[in-house]
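Visitor: Could you take me through one part of this model slowly, namely the open sheet and what packs against it? I would like the strand order, the pairing and the local geometry set out as one connected account.

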Amino acid sequence: MLRRTLLLSSLAAVAMLASPLARADALQDIQKAGTIRIAVPQDFPPFGSVTVDLKPQGYDIDTAALIAKSLGVKLELVPVTSANRVPYLQTNKVDLVISSLGKNPEREKAIDFSDAYAPFFNGVFGPADIKAEKAGDLAGKVVGVTRGSVEDIELSKIAPESATIRRYEDNNGTITAFLSGQVQLVATGNVVAAAILARKPPKKPETKFLIKNSPCYIGLNKGQSALQAKVNEILAQAKKDGSLNAIAVKWLGEPLPAQL
């Protein structure tokens, strides 16, 4: 009888350990350690890259620093690739992933997400003196796009017949076409538009309208509701006080979209 009682007690203990409710509290662990480990990109500017002296820089690096400062802990940056950023989180090599991470149903089965912290979208961009608030406004205009890209496929579906679409073999070709005046507008990603802005052209590309929206989220392990709530609280405050907007202007050349 005693052995049976001990066995049942042991099984109950194992079940509790396996239960999501019994998992360690990541937020408490971070605060106790005084350090937060955040996965960031190092080869995807302007979200993450390294300077000539190998210092990390970018939108995601500044966001990671904002999170750490708000938590009052030291920041440990962990460089990752697109392929290993989620596995690093799942194997507890990092506490958070801030690496231009998009949300989709498959990923949501594996990890949880914060609120959106950065815009990532495909759209139509052009100078301030050209009006193009919707696809119909492209009528009679010349639009550059990278051949075979998502924006090329989507633009082909919505552009009016009178629009002239000029396709280029890569993003550099599309950028050059805009800078040289071969096209009036470009359909591209906001990251490419930021690269155009970085060259300080006479006519700066502004966002005209979105083609496809896929903002970036901070990734964290399942069951960490306290950490998730705290990160969302920090992001909400950063949006309210303008500090996150300053990061967007610094790295993307445009303020945060109102809908973010």
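Guide: What follows is a walk through the sheet, its helices and a few residues with notable backbone geometry.

The model is a predicted one, and the values below should be read with that in mind. The open sheet is formed by five strands, which lie in the order β4-β1-β5-β12-β6 with mixed pairing. At its edges are β4, residues 74–80, and β6, residues 112–118, each of which pairs on one side only. From one strand to the next the twist averages 25°.

Within this order, β1 (residues 35–41) and β5 (residues 96–101) run parallel and are joined by two bridges, and Ala39 stands opposite Val97 in β5. Helix α3, which spans residues 59–71, packs on the sheet and touches β1, β4, β5, β6 and β12 (216–220), while its direction makes about 170° with that of β1. Helix α9, residues 225–241, also packs on the sheet, where it touches β5, β6 and β12, and its direction makes about 10° with that of β6.

The edge strand β6 deserves its own description. It is joined to β12 by four bridges, and the two strands run antiparallel; the bridge partner of Ala118 is Cys216 in β12. Although β6 pairs on one side only, the strand is mostly covered, with six of its seven residues buried.

Helix α9 has a further partner in helix α2 (residues 26–33), for the axes of the two helices come within 6 Å and cross at roughly 70°. The crossing angle therefore makes α2 roughly perpendicular to α9. In this contact Ala26, Leu27 and Ile30 of α2 meet Ala226, Leu227 and Lys230 of α9; by class, the contact has five nonpolar residues, one charged residue and no polar ones.

Returning to the sheet, Ser100 is a residue of strand β5. With a relative accessible area of 15%, Ser100 is buried, because the cut-off for that class is under 20%. Leaving out residues up to four places away in sequence, Ser100 touches Phe44, Phe47, Asp60, Arg85, Tyr117 and Cys216. Cys216 is thus both a contact of Ser100 and the bridge partner of Ala118. The backbone of Ser100 is also worth checking, since its phi is near 40°, a positive value in a residue other than glycine. Most residues other than glycine have a negative phi, and most peptide bonds are trans.

Two other places belong in the same geometric survey. The peptide bond from Pro45 to Pro46 is cis, with omega near 5°, and Pro46 is placed in the loop between β1 and β2 (49–50). Leu54, in the loop between β2 and β3 (56–57), has a phi near 65°, again positive in a residue other than glycine. Whereas Ser100 is buried, Leu54 counts as exposed at 65% relative accessibility.

As for the annotated context, the unreviewed UniProt entry carries the annotation "domain: Solute-binding protein family 3/N-terminal" for residues 35–255. In the model, the end C-alpha atoms of residues 35–255 lie 30 Å apart, and the span is 36% helix and 29% strand.

Notes:
Residues are numbered from 1 along each chain as its sequence is written. This is a predicted model: local features need pLDDT of at least 70, side-chain atom pairs count only at pLDDT 80 or more; totals for chains, interfaces and linings use all residues. Side-chain values use heavy atoms; hydrogens and water are left out. Two strands pair if DSSP finds at least two bridges between them. Axes are lines fitted to C-alpha atoms, for helices over the stretch in contact, and angles run from 0 to 180 degrees between N-to-C directions. Contact means heavy atoms within 4.5 Å. UniProt positions are given in the numbering used here, feature names are shortened, and annotations may be inferred rather than shown by experiment. Buried means under 20% relative accessible area, exposed over 50%, partly exposed in between (1.4 Å probe, protein chains only). Angles under 35 degrees count as roughly parallel, over 145 as roughly antiparallel, 65 to 115 as roughly perpendicular and the rest as oblique. Ala, Val, Leu, Ile, Met, Phe, Trp, Tyr, Cys and Pro count as nonpolar, Asp, Glu, Lys and Arg as charged, and the others, Gly among them, as polar.
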